[in-house]
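Take a look at the chain below and turn it around a few times. Then read on for a short tour of its parts.

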Amino acid sequence: MHMQAVRIHAYGTPEVMQLETLSIPTPGSGQALVRVEAASVNFLDIQHRRGDLVKQAFYQQKAGLKMTLPTIIGSQGIGTVESFGPDTANPRVHTGSRVAFFGSSYATHAVVPAAHLIPVPDGISLEEAAAGLNQGFLAYAFTHHTYPVKQGDWCLVQAAAGGLGHLICQIAKLRGGRVIGVTSSAEKADMVKAMGADEVILSQQADIAKEVQRITEGKGVHVVYDGVGKDTFEANLDSLTPGGYLVIYGQSSGYVPPFDLMRLQEKGSLFITRTNGLPYTHEYPTYLQQFATWLKEGKLSIRIDHTYALADAAKAHKAVEQRRSSGRILLLP
Ligand SMILES: NC(=O)c1ccc[n+]([C@@H]2O[C@H](COP(=O)([O-])OP(=O)(O)OC[C@H]3O[C@@H](n4cnc5c(N)ncnc54)[C@H](OP(=O)(O)O)[C@@H]3O)[C@@H](O)[C@H]2O)c1
C-alpha cells in the first residue's frame, strides 16, 4: 500500500519540497498509523525545511523532528487512527478516532507515538482542530500560566495576525487584558482588530515602543508575547512597564543574540523567558474542555487563511515566509 508525502532531500528554499509516493510504514510497538486529514503549516516547518533547526538539539529530542535527510516535513496534523502497533493502546483513542498528532504531517499517512495522540472533541470542525487545537493550547498556556493575564493588564502581542498570534490576542482579551497587536500591513491590522485587539500598531510605519508608550500614557505594558525574536527584541524591552514580563516563544525573524543580563535591571527589573507549552502539558484536559466551550459559545474564532493540496506545499511555505498569511494555512491531503 502506498502513501503520498512531501519530503526534502536537502535543506533550502520551498522548492526542495517534493511530493513523493512511498510505502505506508507499518506501526511498530508504541506507534499508531494515522490517515492524515489536515496538516497545519507552522513556522517551525519552514525553519525545519531551511535547516535552521539542525543545531538545535531540543527539536530533535523533544519535538520529535527528524534532522537526518531525507525527511518528511510537517509537525502537527489531524487525522483518523487506522491501526495500532503490536501490544499498543491509548485508553483515550481507538481505531477510527479523530485525533490531533505531532509528527511528519505533510502526508496522507503518518506513523506517530500512540501515547501522544489527542482525541478531538465532538463539535469541533476539521479546520478548527487543525488550526487551533494545539496552537490554542500554547496561547492558553502562555496567557494563563507563563504570564497569567490579569483584568486590565496591557498586553503587547507581536505578529498578532499570525497563526499563534491571533489566538493569543483573543485569549488575552478573554482574561480581561487590554491588547495592543503588532502587524505589518493594513489588511492584517483589520483582522487583528476583528480578533478583539484594542489597538493595532503597524510595524513598518511606526516606532513600536514609542507607540506603546503613547497608548499606555507612558506606563508601558505588563507583558509582551513575542514569536518574532531578533527584530522585535529591543522594542519589546522598551515597551515594558517596570517589573514587566517578556514572553518569547519563537524567532520568525531570527534568534535573539546573547545579551547582558544587567540590561534587564536597567530597563526596569524586567522578567524574560523563552518558552513553549511543555511545562503545562498536565493542563491539557482542562484546556481541551475550555477550548471546546469557547468555540461553542462563539468566544474564540480560528482564522484559516487558505487551504492547499500537498502538491502545493511550496506555495503555502512562501505565503508564510513572505508574511502574506494571516491566521493559519492548512494542507489538505
Ligand atoms: N515555543 C513554541 O512552542 C512554539 C510553538 C509554535 C510556534 N512557535 C513559534 O511561534 C512563531 C509563530 O509561529 P506561527 O506558525 O504562528 O507563524 P505566524 O505567526 O503565522 O507567521 C510568522 C509571522 O511573523 C511575522 N514576522 C516578523 N518578521 C518576520 C520575518 N523576518 N519573516 C517572516 N515572518 C516574520 C509575520 O507577521 P507580520 O507580517 O504581521 O509581522 C509573519 O506572518 C514562530 O517563530 C514559531 O516558530 C513556537
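Here is a walk from the whole chain down to a few single residues.

Keep in mind that this is a predicted model. Let's start with the big picture. The domain assignment splits the chain into domain 1 (2-120 + 303-331) and domain 2 (139-279). Notice that domain 1 is written as two stretches of the chain. Between the C-alpha centres of domain 1 and domain 2 there are 29 Å. Where they touch, domain 1 puts in 15 residues and domain 2 puts in 17 residues.

How big is that contact? The size of an interface is often given as the accessible area lost when the parts come together. For domain 1 and domain 2, about 1100 Å² is buried between them, and 47% of that is on carbon and sulfur atoms.

Now for charges. Side chains of opposite charge can pair when their charged atoms come close. The whole structure holds 14 salt bridges, yet between domain 1 and domain 2 the count is zero. One pair to look up is Glu20 with Arg7, whose side chains form a salt bridge at 2.7 Å, N to O. Glu20 sits in strand 2 (residues 18-23) and Arg7 in strand 1 (residues 2-8), with the two residues 13 apart along the chain.

Next, find a pair of helices. Helix 1 (residues 43-50) packs against helix 10 (residues 313-321) at about 110°, and their axes are 10 Å apart. That angle is why helix 1 and helix 10 count as roughly perpendicular to each other. On the helix 1 side you'll find Phe43, Asp45, Ile46, Arg49 and Arg50, which meet His317, Val320 and Glu321 of helix 10. Sorted by class, this contact has three nonpolar, one polar and four charged residues.

Finally, two spots with backbone angles worth a look. Most residues other than glycine have a negative phi, and most peptide bonds are trans. Here is what the model has instead:

| Spot | Backbone angle | Place |
|---|---|---|
| Leu69 and Pro70 | cis peptide bond, omega about -5° | Pro70 in the loop between helix 2 (57-61) and strand 4 (71-72) |
| Ala159 | positive phi, near 45° | loop between strand 9 (154-157) and helix 4 (165-174) |

Terms used: Residues numbered from 1 in each chain as written. Predicted model: local features only at pLDDT ≥ 70, side-chain atom pairs only at ≥ 80, totals over all residues. Heavy atoms only, no water. Axes fitted to C-alpha atoms, helices over the stretch in contact; angles between N-to-C directions. Helix = DSSP H or I, 4+ residues; strand = E, 2+ residues; numbered from the N terminus. Parallel < 35°, antiparallel > 145°, perpendicular 65-115°, else oblique. Contact = heavy atoms within 4.5 Å. Nonpolar A, V, L, I, M, F, W, Y, C, P; charged D, E, K, R; others polar. Domains from an automatic or database assignment. Buried area = accessible area lost by both parts, 1.4 Å probe. Salt bridge = Lys/Arg side-chain N within 4 Å of Asp/Glu carboxyl O.
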